[in-house]
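Me: I would like to go through a protein model with you. Could we take it one topic at a time?

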Amino acid sequence: MLKRRKIKAMYITEAICDKCGGRLLPTGVCLTSYPAQYPYACETPGCDGHETFWEGECPGKIEYEFEEDEDV
């Protein structure tokens with residue numbers, strides 16, 4: 001059986017700098033721990049804000065909220 005679901009809302013997780021409120025962007029570096037870690041740095045000029053995220057909890061994750069199911 002196939003079911004169709006309508007997306008009610010869509011959310012994306014973003015990393016925000018604690019120091020200035022700017023966005024944190026990936027540095028392109030992968031730390032070889034287990035699990036891997038990914039450093040992010042603030043995009044605001046002059047701000048040295050940074051944070052490191054574990055693999056699986058990095059920003060950019062998209063989540064969906066659905067309405068009720070309907071049969072196809």
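Me: Where is Pro 35 found?
Reply: This is a predicted model. In it, Pro 35 is found in the loop between β2 (24-26) and β3 (37-42).

Me: What kind of peptide bond joins Tyr 34 and Pro 35?
Reply: The bond joining Tyr 34 and Pro 35 is cis, with omega at about 0°. As background, most peptide bonds are trans.

Me: Now the interior. Which residues form the largest nonpolar core?
Reply: Six residues form the largest nonpolar core: Ala 15, Cys 17, Leu 24, Tyr 40, Cys 42 and Phe 53.

Me: And what does Leu 24 touch?
Reply: Leaving out residues up to four places away in sequence, the contacts of Leu 24 include Ala 15, Cys 17, Tyr 40 and Cys 42. Gly 49, His 50 and Glu 51 are also among them.

Me: How many disulfides does a search of the whole structure find?
Reply: The search finds zero disulfides.

Me: Why is Cys 30 without a bond to the closest cysteine sulfur?
Reply: The closest cysteine sulfur belongs to Cys 58 and is 8.9 Å from the sulfur of Cys 30, which is too far for a bond.

Me: What about Cys 42, and which cysteine sulfur is nearest to that one?
Reply: The nearest is the sulfur of Cys 20, 3.5 Å away, and Cys 42 is in no disulfide. The cut-off for a disulfide is 2.5 Å between the sulfur atoms.

Me: Is Cys 42 buried or exposed?
Reply: Cys 42 counts as buried, at 12% relative accessibility. Cys 30, by contrast, is partly exposed, with a relative accessible area of 41%.

Me: Turning to the surface, which residues form the nonpolar patch?
Reply: The patch consists of Ile 7, Met 10, Ile 12, Ile 62, Tyr 64 and Phe 66, and together they have about 580 Å² of accessible area. Strands β1 (3-12) and β5 (62-71) each supply at least two of the patch residues.

Me: Last topic: how many salt bridges does the structure hold?
Reply: The structure holds three salt bridges. One of them pairs Lys 8 with Glu 65, whose closest N and O atoms are 3.8 Å apart. This pair links distant parts of the chain, since Lys 8 is in strand β1 and Glu 65 in strand β5, 57 residues apart.

Me: And which residue forms a salt bridge with Lys 19?
Reply: Asp 48 does, with the closest N and O atoms 2.8 Å apart. Asp 48 is in the loop between β3 and β4 (50-54), while Lys 19 is in the loop between β1 and β2. Both residues, Asp 48 and Lys 19, are exposed.

Terms used. Residues numbered from 1 in each chain as written. Predicted model: local features only at pLDDT ≥ 70, side-chain atom pairs only at ≥ 80, totals over all residues. Heavy atoms only, no water. Core = buried A, V, L, I, M, F, W, Y, C linked by side-chain atoms within 4.5 Å. Buried < 20%, exposed > 50% of the residue type's maximum accessible area, 1.4 Å probe, protein only. Contact = heavy atoms within 4.5 Å. Patch = residues over 30% accessible without salt bridge, like charges linked within 9 Å, V, L, I, M, F, W, Y side chains within 5 Å. Areas by Shrake-Rupley, 256 points an atom, 1.4 Å probe, with all protein chains shown as cover. Salt bridge = Lys/Arg side-chain N within 4 Å of Asp/Glu carboxyl O. Helix = DSSP H or I, 4+ residues; strand = E, 2+ residues; numbered from the N terminus.
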